[in-house]
Amino acid sequence: ALSLYWRALEDHLLDQKPPIMTYNRMFALFSEHSPENLKLLGDELLRPLSHLMIDEFQDVSPQIVSWIRASLAEIRSRGPAMHVGRGAQRSSLLCVGDDWQSIYGWRGSSPTYFMEFNKEFPSPSTTKVMLSDNYRSHQHIIDAAEHIVRAAPAIAGKKAKASGEPKALLPVNVLDRDDQGMAQRLMEHYRKGDSILMLYRKSSDKSLIEEHIQPVVNVDSSLPHEARRLKQLTYHSAKGLQADAVFLLGDCQHLTSSPYKNQVYRMAGLGKAGDSEPYDNAQKDEILRLAYVGITRAVSHCYWYVDAQDTQAANLPKASDRIGKGKAFFVDHRKSQTTA
């Protein structure tokens, strides 16, 4: 049914005046699978792609990568005529990102293209610059997040250090799920003037916690937008944000299997050779990166409230399995600790 609907939708969009295309259709039309279409474009249309800077490169998908490679290949094939004025006489590609923050595999992205950049984008010359200075968090926040994510494959040699004004070193506090206790601690930080991020995994959790923090929500929502200090978001939506105090509600765990996405991953060439479940296995790494993103939103304080494990999901890997025992950057207050 979806294939029939999607084809009808794209035909309807193309019938508009002027025609409308989805991004996926445009990437497909100008990809390595259809290089003849790129040859129909004039130099003036391709020239802006000669020198690309792509941010958040860890989130690119196979179709975007195919479009980039096809465009650069066509530009190279046209030779010096593509380069005019004082610009460089060869095409260039500059990619910026953090493979530890790749958390959108469920919608088709993969950090593989960033982690294996030289293989995916062969070039006579490649320069790698490691950006290690962190101007947001203190070192305990950084070390705790990196300890969680270190088990996932990554670009070698990564290690961040706290820079800028020194801050007090406070450990990440891991606690049993306690909505009332969490609300009390959140209100204390709000009264002190701290900015706060409340991050949750399930929308139902937001409704549950709002019962306890409604006074703070009411006060904050009455302020001008620029003066508000409380944001409630999913872990995914918080990427790029920061707050003095971060409250993480819920573990990061891959609970389902997706035969369809496993098939799509295999067709896209993602995953290891012979892996029959490349998507599901990629998600086991992604849950660690999701916890890393959540923890590193914190400037000074991070509280992680973990639900009691239900028996059905007890044997499935979760990010909290990586909480370090005896590490200065973690304090585990849970009654039943399962630490690595």
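Start at the seam between the two domains: across the interface of domain 1 and domain 2, 13 residue pairs are in polar contact, with both partners at pLDDT 80 or more. That pLDDT label is there since what you have open is a predicted model.

**Stop 1: the domain 1 side of the seam**

Select residues 112-115, which are helix 6. With 4 residues, this helix gives the most to the side of domain 1 that touches domain 2. Now colour that whole side by residue type: you should get 9 nonpolar, 7 polar and 4 charged residues.

**Stop 2: the salt bridges**

Stay at the interface and look for charge pairs. The rule finds 4 salt bridges between domain 1 and domain 2. Next, select Glu56 and Lys239 and show their side chains; they meet in a salt bridge, 3.7 Å from N to O.

**Stop 3: step back to both domains**

Colour 31-120 as domain 1 and 133-332 as domain 2, following the domain assignment. Taken over C-alpha atoms, the centres of the two are 32 Å apart. How many residues of each domain are in contact with the other? Domain 1 brings 20 and domain 2 brings 21. Together they bury about 1900 Å² between them, and carbon and sulfur atoms give 59% of that area. Then pick out Trp100, Ile103 and Trp106: these three supply 45% of the area that domain 1 buries against domain 2, more than any other three residues.

**Stop 4: Ser137**

Hop over to Ser137, in the loop that runs between strand 3 (133-134) and helix 8 (139-149). Is Ser137 buried or exposed? Its relative accessibility is 1%, so Ser137 counts as buried; the cut-off for buried is under 20%. Show the side chain and find the backbone oxygen of Ala298, which lies 2.6 Å from a polar atom of the Ser137 side chain. To see who else is around, select Ile142, Ala162, Thr296, Ala298 and Val299; Ser137 touches each of these, leaving aside residues up to four places away in sequence.

**Last stop: the whole chain**

Zoom out and switch to cartoon. You'll find 12 helices and 10 strands in the protein chain. Along its principal axes, the C-alpha trace spans about 65 × 50 × 50 Å. Colour by burial and 42% of the 340 residues come up as buried. If you draw the contacts with a separation of 6 or more, residues 24 or more positions apart account for 77% of them.

Key
Residues numbered from 1 in each chain as written. Predicted model: local features only at pLDDT ≥ 70, side-chain atom pairs only at ≥ 80, totals over all residues. Heavy atoms only, no water. Domains from an automatic or database assignment. Contact = heavy atoms within 4.5 Å. Buried area = accessible area lost by both parts, 1.4 Å probe. Polar contact = N/O pair within 3.5 Å; in protein donor to acceptor, adjacent residues only side chain to side chain. Helix = DSSP H or I, 4+ residues; strand = E, 2+ residues; numbered from the N terminus. Nonpolar A, V, L, I, M, F, W, Y, C, P; charged D, E, K, R; others polar. Buried < 20%, exposed > 50% of the residue type's maximum accessible area, 1.4 Å probe, protein only.
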